[in-house]
Amino acid sequence: MAIILGIESSCDETSASICINGEIHSNVIATQAIHAKYGGVVPELASRAHQQNIIPTVDEAIRQAKISKNQIDAVSFTRGPGLLGALLVGTSFAKSFALAQNIPLIDINHMQAHILAHFIEEPKPSFPFLCLTVSGGHTQIVLVKDCFEMELLGETLDDAAGEAFDKTAKILNLPYPGGPLIDKYASQGNSNMYKLPEPQIPGLNFSFSGLKTAILYLVQDQLKQNPDFLTENIADLCASVQSRIVSILLNKLKKAAKETGVKDIAIAGGVSANSGLRKGLIEMGQQYRWNVFIPKFEYCTDNAAMIAIAGYHKYLKGDFVGQDVAPMARMHL
Ligand code: KG4
Ligand code: ZN
């Protein structure tokens, strides 16, 4: 019997989850609405909100799992990568909780946890598998050899895929976070309406900054002729942007699958909630006979269930850290 409390606080969601013997029994997420009016996450405000939210969020996760805090065997927390002030709140909470309860402390890499979210429920991929991890801060193609043995095959050279969604959304006058809104409008638009460039980046790396510039020039040009250009064409613009971001991602994933010969292919991270990416991956999987793995929506964006499940797998190995552990804004896989 192993009961793990997982804590996530790397960006703008405060989350706590209880994992009992590898099964998630609660996953409580307090989203910070405060950032919307600033058009992006304000680190200082994020830290303050985590500080306010963390105890009620943990209490609620324990309540929903119908356990008492004295039954918890270990606490796992996001050590990085992320906003340092935000990570400090979760890290300090986890350390204090471990000390007070006299239980082990487990540090988790947030990007590994996004991938390990695939081990929350069936069907689970088998090793080795490829994972395209796409979030607000990262875009990576990872060869996953074992739970904590991951090789980075390619990554973005500039903006992350989530940033590409959010920054283009800003140009299109949509509020933050723009990704889900682009997704919504895209479903009503024609993706062939605007031709956007596909960058020619060697190997398995990505670049999204050219796309952002192309959209900016297109919008500036069109607005000179028609001040209502954005409102009149929002669906076609969103569909064209989404389709280009998805094709950039999937073409590299196809290349990685060909080069490695791996047939189990997963996506993870906030952008894996995108309906165009999910649909595109399923179609590509049918064409190339891949086994594709797409997380449930609740496990795509930031959540503590992925931290708790990763914590459970480290707990089984006895892989713990001491009270001197410090969070890391940058952290490799
Ligand atoms: O993984 P995540 O929750 O946080 C980070 O670790 O960054 O990812 C957040 C990112 C944001 O950029 C957000 O716009 C994007 O995921 N996102 C989406 C969708 N849902 C969230 N992007 C496109 N389509 C969506 N449906
Ligand atoms: Zn994330």
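Guide: Two strands count as paired if DSSP finds at least two bridges between them. Keep that in mind for this predicted model.

Visitor: How do you know that strand β2 is joined to β3?

Guide: Count the bridges. Strand β2 (residues 13-20) and β3 are joined by 8 of them. The cut-off is at least two bridges, so the two strands pair. They run antiparallel. Within β3, Ile29 is the residue opposite Ser15.

Visitor: What makes β3 and β5 stand at the edges?

Guide: Look at the order of the open sheet, β3-β2-β1-β4-β5. β3 (23-31) and β5 (105-109) each have a single partner strand, so one side of each has no neighbour in the sheet. Pairing here is mixed. On average, neighbouring strands are turned by 20° against each other, direction ignored.

Visitor: Which helices meet this sheet?

Guide: Helix α1 (residues 43-64) lies across β2 and β3, at about 25° to β2. Helix α9 (residues 305-317) packs on the sheet too, touching β1 (3-8), β2, β3, β4 (74-80) and β5. The direction of α9 makes about 135° with that of β1.

Visitor: How do you know that β7 and β8 pair?

Guide: Strand β7 (residues 139-146) shares 6 bridges with β8, in the antiparallel sense. At least two are needed, so β7 and β8 pair. Leu143 stands opposite Glu151 of β8. Both strands belong to an open sheet with the order β8-β7-β6-β9-β10. Its edge strands are β8 (149-155) and β10 (291-293).

Visitor: Why is α4 called roughly parallel to α6?

Guide: The angle decides. α4 and helix α6 (residues 209-225) pack at about 10°, with their axes 10 Å apart. Angles under 35 degrees count as roughly parallel, so α4 is roughly parallel to α6. On the α4 side, Ala164, Lys167, Thr168 and Ile171 make the contact. On the α6 side, Leu211, Lys212, Ile215, Leu216 and Val219 do. By class, that contact has 6 nonpolar, 1 polar and 2 charged residues.

Visitor: What makes a residue count as near ligand 1, and which come nearest?

Guide: The C-beta atom, placed from the backbone, must lie within 6 Å. There are 19 residues around ligand 1, and Gly136, Gly162, Gly179, Gly270 and Asn274 come nearest. α5 (178-186) is a supplier, giving the most to the shell with 4 residues. α4 (161-171) supplies at least two. The shell has 6 nonpolar, 10 polar and 3 charged residues.

Note on methods: Residues numbered from 1 in each chain as written. Chains lettered and ligands numbered in written order. Predicted model: local features only at pLDDT ≥ 70, side-chain atom pairs only at ≥ 80, totals over all residues. Nonpolar A, V, L, I, M, F, W, Y, C, P; charged D, E, K, R; others polar. Axes fitted to C-alpha atoms, helices over the stretch in contact; angles between N-to-C directions. Parallel < 35°, antiparallel > 145°, perpendicular 65-115°, else oblique. Contact = placed C-beta atoms within 7 Å.
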